[in-house]
Amino acid sequence: MSSIISVANLSKTYGSGFKALKNVNLDIKRGEIFALLGPNGAGKTTLISIICGIANPSEGKVLVGGENIQTSYRKARSLIGLVPQELHTDAFESVWATVSFSRGLFGKPKNPAHIEKVLKDLSLWDKKDNKIITLSGGMKRRVMIAKALSHEPQILFLDEPTAGVDVELRKGMWEVVRGLQQSGVTIILTTHYIEEAEEMADRIGVINKGEIVLVEDKTTLMQKLGKKRLTLHLQGKVASLPESLRHYELELCDNGATLVYDYDTQGERTGITSLLGDLRAAGIRFNDLDTTQSSLEDIFVDLVRTS
Amino acid sequence: MNHRAIRAIYLFEMARTWRTLLQSIVSPVVSTSLYFVVFGAAIGSRISQVEGVSYGTFIVPGLIMLSVLTQSIANASFGIYFPKFTGTIYEILSAPISYFEIVLGYVGAAATKSIILGLIILATAGLFVPLHIQHPVWMLAFLVLTAVTFSLFGFIIGIWADGFEKLQMIPMLVVTPLTFLGGSFYSIDMLPPTWRTVALLNPVVYLISGFRWSFYEIADVSISVSIGMTLAFLVICLAVIWWIFRTGYRLKN
């Protein structure tokens with residue numbers, strides 16, 4: 001898959017001397033959903049702002065669709081739709097007027113049929129004549145997405161698209177994003193909700209303190225870094241574990257009713273076979289067992305802590 | 001040239017005028033009519049002619065300029081400040097549009113409103129006093145030039161302001177006094193010699209003088225000096241805006 005965005009050696013130092021981005025290199029593949037994760041102040045929004053033309057880079061080069069964002073900014077920007085994190089909307093304009101305005105701003109001829117489709121896809125059609133100020137927060141968020149989609153962009157940036165949006169609406173938005181991907185739009189989203197990245201993304205990038213810590217295919221990442229947890233539900237409660245089991249670093253939970261063992265799926269030996277053997281030898285019996293894969297959130301927290 | 005973007009900004013700004021018709025058009029017309037009642041009728045009846053023109057007629061160009069100056073600044077500064085305030089400026093900055101086109105959209109709309117307003121006030125004045133315009137083309141040229149120049153100035157204020165107080169400060173504390181002292185209501189020849197010299201430091205004197213010349217062929221300073229000073233201010237404003245966009249001052253980090 002070819003790159004639609006290519007970021008090379010990008011750095012950003014603010015006037016205060018704060019280094020928001022440090023030598024960032026990143027390629028976004030055409031047609032993918034890329035999730036950019038990072039704690040607050042990691043540089044997610046700065047990175048997006050530079051690519052979209054809202055902030056100036058201090059060093060480095062960014063190509064969008066092969067066009068340099070500084071020397072060929074018209075071509076580069078016309079490919080991008082941006083939904084910023086904050087709810088920046090007009091107040092007194094109607095939904096229809098503000099979305100049509102965005103299309104004009106991006107140099108596209110009028111196309112009421114397209115605007116109608118965008119508004120219908122985002123469940124805003126019945127609000128098209130309403131003033132934006134009268135809409136709820138979730139609706140305003142969708143108006144901003146409609147504005148970003150008004151000029152038929154090939155790339156859509158969603159900066160924290162579901163922050164402050166209720167669960168039902170969030171799932172609705174995920175559907176919209178998937179639909180966009182199917183129509184060929186490349187989507188870059190930043191999020192605090194790991195669940196969102198896990199649910200949506202094809203690839204995941206983690207940024208921390210202005211540096212890209214990791215970029216990986218989501219499933220590979222989950223497999224590579226994923227730890228599994230084996231939970232054994234014991235037949236009877238155990239007050240303490242025998243010495244022979246100490247090196248497994250087991251955890252007794254539920255007042256001794258369950259035994260938890262964390263293991264690395266990528267390790268040469270998981271230790272499960274010997275653990276089960278040693279349990280049997282120690283006379284500890286169990287009724288049931290289950291294994292769970294660690295979530296992206298666990299991986300993320302680990303990465304940020306160690307970077 | 002992204003002409004659709006210029007059109008979008010222009011129409012968006014003009015739409016704001018129609019939405020706020022009372023504030024944008026009706027209120028300046030009412031206040032100008034009050035000036036005519038107070039200065040033209042009440043005080044003017046006690047003042048003999050000024051340079052061969054009745055006082056009520058004499059103050060018409062000054063009154064139009066007073067409104068055009070203040071409204072150009074108010075329209076343009078608010079037009080660009082409001083997107084900064086609400087945050088919607090992100091869309092302008094991320095659009096495939098050049099700085100020149102952004103200025104053209106915002107300043108074009110602000111200047112259009114002021115010109116319309118100036119013409120409405122002129123028509124209103126015609127209801128109070130007899131009017132005869134000696135050089136209508138020059139009159140329009142001065143009107144357009146002033147509206148554009150002060151809309152550019154307003155645009156600069158709108159970018160510079162980081163709060164509503166700053167937005168109001170320059171128009172209230174600088175522009176209004178300069179306009180009142182700029183010969184809207186009198187000829188600077190009526191001032192004592194020392195004050196006359198001081199008055200010549202006021203750029204608004206040149207605007208009003210030139211504009212009044214286009215009506216009655218009477219001027220405080222020569223017409224070429226008036227045009228020269230107005231153009232000089234226009235160039236200064238353009239240079240400042242060029243610098244703002246080149247550095248991203250108050251717009252881009």
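These are my notes on the nonpolar core, one buried leucine and the chain contact in a predicted model.

Conventions. I number residues from 1 along each chain as its sequence is written, with chains lettered from A and ligands numbered from 1 in the order written. Because the model is predicted, local features need pLDDT of at least 70 and side-chain atom pairs count only at pLDDT 80 or more, while totals for chains, interfaces and linings use all residues.

Core. I looked up the largest nonpolar core (buried Ala, Val, Leu, Ile, Met, Phe, Trp, Tyr and Cys residues joined through C-beta atoms within 7 Å) and found 136 residues. A:Ala35, A:Phe157, B:Tyr106 and B:Phe155 have the most contacts inside it. Helix α3 of chain B (residues 55–86) gives the largest share of this core, 16 residues; helices are DSSP runs of H or I, at least four residues, numbered from the N terminus.

I then listed what A:Ala35 touches, leaving out residues up to four places away in sequence: A:Leu189, A:Thr191, A:Ala197, A:Met200, A:Ala201 and A:Ile204. Contact means C-beta atoms, placed from the backbone, within 7 Å.

B:Leu143. I found this residue in helix α6 (residues 136–160) of chain B. B:Leu143 counts as buried because it has 22 C-beta neighbours inside 10 Å; the cut-off is 20 or more other C-beta atoms within 10 Å. Beyond four places in sequence, B:Leu143 is in contact with B:Val68, B:Ile115 and B:Gly118.

Chain contact. I noted 20 residues from chain B and 27 residues from chain A. On the chain B side, α1(B) gives the most, with 6 residues.

Note on methods. Buried ≥ 20, exposed ≤ 12 C-beta atoms within 10 Å, placed from the backbone. Helix = DSSP H or I, 4+ residues; strand = E, 2+ residues; numbered from the N terminus. Contact = placed C-beta atoms within 7 Å.
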